[in-house]
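Q: Could you pick one part of this protein and go through it closely with me? After that, I'd like to hear about the rest of the fold, step by step.

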Amino acid sequence: MLSSSRHLASLAAALVLAAALDTAFLDESQPAAPMLGHGDAATLRSVMERWKSRHEQQGDAETLKLALVPSSTLSAARTQGRGELRLNLLTGALEVKARGLPAERDYEVWLADNRGGTSRAVKPEAGDRLIGLGMLRRTADGGAILRTTLDRTSLAGFELDQAIITESGTTPDRGGLLFGAPNLLQRTYFSSQPWSLTVSGDAPAPASGPALPFAFLLPKAAVAQTAGPDAASLEQLIARGRQIFVEETFDGNGRTCATCHRPDNNHTIDPRYIAKLPASDPLFVAEYNPDLKDLEKPALLRQMGLILANVDGFDKPGVMRSVPHLLALPTSIDVEVCVEHGGKGDFCEDEAFANALGWSGDGSPGTGSLREFALGAITQHMPKTLNRVPQVDFRLPTDEELTALEAYMLSLGRTQDIDLSKLSFNSPLVQQGKLLFDVKENPVRNGEVILGETANCNGCHQNAGANSSTTHANPTRDTGVENMRTPPAFLLDPALAVDGGFGKEERVSCGFSQDHTCYGNGRFNTPPLVEAADTAPFFHNNSVNTLEEAIASYNGDSFNQSPGAKTSSGKDRRVKLESSQVTAIALFLRTLNALENIRSSNSLSRKSMDLRGRNAKETLKLAMADTEDAIEVLQGGTLLPYPEALARLEEALALEKKALHTEIGPLRNLRLHKAIALKLQAKALMVTEQP
């Protein structure tokens with residue numbers, strides 16, 4: 001009895017001491033790590049390194065290249081013009097080429113520093129510093145060109161936020177036509193070059209010898225000016241981006257980026273999640289604000305999780321699309337560029353699109369960049385009225401806000417695709433699913449194509465990602481989704497416009513009934529499948545309810561009679577799977593998703609240990625959501641190939657729930673360490689990884 005009392009007294013004393021030494025979970029007065037949510041500095045650094053390697057392999061590494069395109073939000077008038085700026089940041093040599101601008105007018109090129117205006121918005125305004133570079137000169141092929149060399153003296157203290165083409169006699173603050181801006185990866189790369197670190201724009205040019213470099217022109221994106229952005233700087237930038245993503249309404253209708261891309265729901269929404277939201281949630285603003293009654297179609301939003309998107313322009317009918325998740329974006333946004341893959345053809349896009357975004361690969365305005373994705377979303381989804389007048393119906397973001405949002409979105413999820421060749425699954429059911437998934441083409445015997453021995457998935461979803469195994473970039477394909485019979489959205493609203501997919505050209509005989517007009521070429525981009533089991537319903541229109549149904553849909557005529565049923569070289573991709581094979585592939589994809597949930601959950605748990613107060617709890621809740629997702633996706637197929645792994649995950653979730661309500665830091669972290677170990681045990685029970 002005495003021994004037991006002493007033991008209890010010692011334990012109590014230890015807990016009191018621990019509480020005194022580490023009250024970090026509750027005390028928000030002490031400095032703490034920034035709140036990143038799912039954002040991760042190592043992920044962002046990996047993206048930067050990959051971009052750097054690719055940029056340097058292309059040659060001309062000191063040259064900044066900006067596409068100049070019209071913007072639905074920024075341009076003063078409609079135009080079909082496009083252009084490109086090339087600036088050598090060592091010599092100051094600048095070249096601008098443009099095409100498609102009406103020949104009856106003259107045009108000028110400008111550089112803009114947007115820090116001088118009152119709003120600091122991305123649209124030039126009075127007070128911004130504007131530097132005119134000269135007139136575009138017409139060329140024999142109908143294009144226009146300007147070549148010049150920048151003057152360092154006139155650029156002292158200037159930061160290049162935008163390059164702009166205007167009509168002659170018009171300044172950018174009164175009306176620009178084509179716009180381009182350096183992105184986060186360009187800024188961080190050029191500002192970290194050795195020749196850019198020691199020279200500022202205020203330094204005088206030397207009387208003789210080589211000219212001083214011009215990299216000082218690029219805004220530094222809030223990262224440290226060292227040979228490479230340090231982790232602390234990247235974390236601050238990501239944290240700022242997350243804050244904007246979650247909290248900033250841009251003086252609009254109350255929505256934020258996170259209204260549709262919910263961090264606790266894989267950065268997306270679905271009908272089951274929507275059903276739990278209060279009626280006052282900004283997602284439902286079209287239901288309670290008369291000025292916005294046509295912003296959404298409430299029945300389709302609530303029943304199918306579909307959002308109205310004017311992807312073909314606000315002068316065209318909007319189409320109904322699901323909300324794509326934002327996880328692992330760096331692995332899925334490289335565009336198939338025609339000139340790199342055998343010239344113009346059916347299976348590549350215009351190189352002017354910077355990133356493959358949205359459900360059609362052209363989901364951003366302007367150059368199609370991730371940076372402009374946010375600008376388009378604000379204009380589309382956040383206005384006070386459907387007039388969508390910038391600085392009236394919403395506030396335009398600043399250059400700093402767009403850069404921070406870009407950093408946050410690039411830091412979410414996986415940094416690279418899984419190498420399936422190194423994975424062996426410990427369930428024969430799942431291993432069979434992998435084999436069916438992984439075989440790229442139907443076998444041919446005695447000149448006859450044999451169906452049913454492969455699912456033909458790996459050709460478009462290499463390593464269960466979003467990239468073509470041929471081009472290693474994100475493809476768009478016409479797989480006949482819009483031709484499925486009795487699509488659910490049209491049963492709810494027969495007057496809907498058919499979604500034409502990529503592009504804006506008008507077509508007739510679109511969709512399942514073949515009597516609709518649509519805009520586009522019928523192609524939609526390929527999503528990653530690692531996160532698929534987590535993000536039902538499926539396809540761009542949420543037309544399929546479960547993962548198993550999505551796989552089985554490729555047995556139907558809508559796919560097998562579509563252009564996507566053949567490769568660019570004419571090889572047969574038709575699918576004919578038995579129900580047992582559908583089950584095996586689904587179990588394989590569910591396992592991949594659970595493995596990614598475990599990785600993400602453990603990463604978030606470790607972050608939570610370094611945070612304090614509300615941020616620690618919020619991060620732990622995100623970790624718990626990923627653990628719950630791992631359990632749900634493994635149970636979702638009804639067959640349970642990994643019952644022991646499920647038991648470990650459920651035990652880990654119970655520990656995480658206890659940790660959430662543990663006020664003593666060391667005890668909380670001890671529980672989280674145990675939960676992490678249990679999740680790793682679950683992983684080992686599911687898969688064996690080759691080095």
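**A close look at one residue**

A: Asp499 belongs to the loop between helix H12 (488–492) and strand E16 (506–510). Keep in mind that we're looking at a predicted model. Is Asp499 buried or exposed? With a relative accessible area of 4%, Asp499 is buried, because anything under 20% gets that label. What does Asp499 touch, once we skip its neighbours within four places in sequence? The list is Val319, Arg321, Glu482, Phe524 and His540. You can also check a spacing here: Asp499 and Thr517 are 18 residues apart along the chain, and 9.2 Å separates their C-alpha atoms.

Now let's step back to the chain as a whole. The protein chain has 691 residues, and 55% of them count as buried. It holds 18 helices and 19 strands. Take the contacts in the chain with a separation of 6 or more: 66% of them are between residues 24 or more positions apart.

Next, what fills the inside? In soluble globular proteins, nonpolar side chains tend to end up buried together. Here the largest nonpolar core has 59 residues, and Phe425, Phe437, Leu589 and Leu592 have the most contacts inside it. Strand E12 (423–425) gives two or more residues to this core, and so do helices H11 (428–438), H13 (547–552), H15 (579–609), H16 (613–635), H17 (643–660) and H18 (665–686). H15 gives the most, with 13 residues. Let's zoom in on Phe425: setting aside neighbours within four places in sequence, its contacts include Val430, Phe588, Leu592, Leu595, Tyr642 and Met686. There's also a second, separate core of 44 residues, with Leu36, Ile164, Leu326 and Phe394 among them.

Now for some helix packing, with helix H2 in the middle of the story. The axes of H2 (residues 41–57) and H4 (residues 231–247) come within 9 Å and cross at roughly 105°. That angle makes H2 roughly perpendicular to H4, because 65 to 115 degrees counts that way. Who meets whom? On the H2 side you'll find Ala41, Leu44, Arg45 and Met48, and on the H4 side Ala231, Leu234, Glu235 and Ile238. Sorted by class, this contact has 6 nonpolar residues, no polar ones and 2 charged.

H2 has another partner, H3 (residues 184–191): their axes come within 10 Å and cross at roughly 75°. So H2 is roughly perpendicular to H3 too. Leu44, Val47, Met48, Trp51, Lys52, His55 and Glu56 in H2 meet Leu184, Leu185, Gln186, Thr188, Tyr189 and Phe190 in H3. The class count for this contact is 8 nonpolar, 3 polar and 2 charged. Leu44 and Met48 appear in the contact with H4, and they appear in the contact with H3 as well.

Let's finish with some strands. An open sheet of 5 strands runs in the order E1-E2-E3-E7-E6, with antiparallel pairing. Which strands sit at its edges? Strand E1 (63–68) and strand E6 (137–138) do, each pairing on one side only. Inside the order, E2 (residues 82–88) and E3 (residues 93–99) run antiparallel and are joined by 6 bridges. If you'd like a pair to find on screen, try Glu84, which stands opposite Lys97 in E3.

Key. Residues are numbered from 1 along each chain as its sequence is written. This is a predicted model: local features need pLDDT of at least 70, side-chain atom pairs count only at pLDDT 80 or more; totals for chains, interfaces and linings use all residues. Side-chain values use heavy atoms; hydrogens and water are left out. Two strands pair if DSSP finds at least two bridges between them. Helices (H or I, at least four residues) and strands (E, at least two) are DSSP runs, numbered from the N terminus. A nonpolar core is a set of buried Ala, Val, Leu, Ile, Met, Phe, Trp, Tyr and Cys residues joined through side-chain atoms within 4.5 Å. Buried means under 20% relative accessible area, exposed over 50%, partly exposed in between (1.4 Å probe, protein chains only). Contact means heavy atoms within 4.5 Å. Axes are lines fitted to C-alpha atoms, for helices over the stretch in contact, and angles run from 0 to 180 degrees between N-to-C directions. Angles under 35 degrees count as roughly parallel, over 145 as roughly antiparallel, 65 to 115 as roughly perpendicular and the rest as oblique. Ala, Val, Leu, Ile, Met, Phe, Trp, Tyr, Cys and Pro count as nonpolar, Asp, Glu, Lys and Arg as charged, and the others, Gly among them, as polar.
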